[in-house]
Amino acid sequence: MVEKSLVLVGLMGAGKTTVGRRLAAALELPFADADQEIEAAAGCSISEFFERHGEEEFRNGERRVIARLLDGPVCVLSTGGGAFMDPETRQKIKETGISIWLRAELDLLMERVSRRPTRPLLKQDDPRKVMERLMNERYPVYAEADIIVDTGEGPHEAVVAKIIQALKER
Ligand code: S3P
């Protein structure tokens, strides 16, 4: 059923890593998480990477890591929230993968990200305002994804089931 890598995109807190892992298990595909690959390659956390090298260097590393993973065997790939905003990465995903946007509402995203203070972009006085700005900037671009799935309060399994259904209907 799956001939191309499945690439999960969406904002921080949308559930890309958790859903990606479960989707991969359900489809018996390998799973990769771009942020974790960057951390492994850099030998430090994303936060430390931002502090030491800045966002631009992070984006360069992210672009390289995602291209490498997409050139490998078919897999489920969870990307960081900014990855699909990069025109080169977006093009690469369009050519070699099937993009899946996990769309979520602001309240849900904020509730999820508040559980773990690991996101450098949200280490601000008003993270909700930042998230709102990112939604405005990014949602029109995420909308270019091949598949769009709404995620709500329900279990991640329900999101996985919706993705599999959408893949079957393609
Ligand atoms: C980012 C999202 C993060 C991580 C980095 C930047 C973004 O990944 O890549 O902090 O620009 O939205 P998650 O979406 O997995 O939190």
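A residue counts as near a molecule if one of its heavy atoms lies within 4 Å of it. Keep that in mind.

This is a predicted model, where local features need pLDDT of at least 70, side-chain atom pairs count only at pLDDT 80 or more, and totals for chains, interfaces and linings use all residues. Residues are numbered from 1 along each chain as its sequence is written, and side-chain values use heavy atoms, with hydrogens and water left out.

Now the ligand. It is surrounded by 13 residues. The closest are Lys16, Asp35, Arg59, Arg119 and Arg138. What classes make up the shell? Five residues are nonpolar, three polar and five charged. Here Ala, Val, Leu, Ile, Met, Phe, Trp, Tyr, Cys and Pro are nonpolar; Asp, Glu, Lys and Arg are charged; the others, Gly among them, are polar.

Which helix gives the most to the shell? Helix 3, residues 46-71, with three residues. Helices are DSSP runs (H or I, at least four residues), numbered from the N terminus.

Next, polar contacts, meaning pairs of N or O atoms within 3.5 Å. A polar side-chain atom of Lys16 is 2.6 Å from a ligand oxygen. For Arg138, also through a polar side-chain atom, the distance to a ligand oxygen is 2.7 Å. Gly82 uses a polar backbone atom, 3.4 Å from a ligand oxygen. The protein covers 94% of the 380 Å² of accessible area that the ligand has on its own (Shrake-Rupley method, 1.4 Å probe).

Last, salt bridges: a side-chain nitrogen of Lys or Arg within 4 Å of a carboxyl oxygen of Asp or Glu. The structure holds twelve. One joins Arg22 and Glu157, at 3.0 Å, N to O. Arg22 sits in helix 1 (residues 16-27) and Glu157 in helix 7 (residues 156-169), 135 residues apart.

Terms used. Polar contact = N/O pair within 3.5 Å; in protein donor to acceptor, adjacent residues only side chain to side chain. Helix = DSSP H or I, 4+ residues; strand = E, 2+ residues; numbered from the N terminus.
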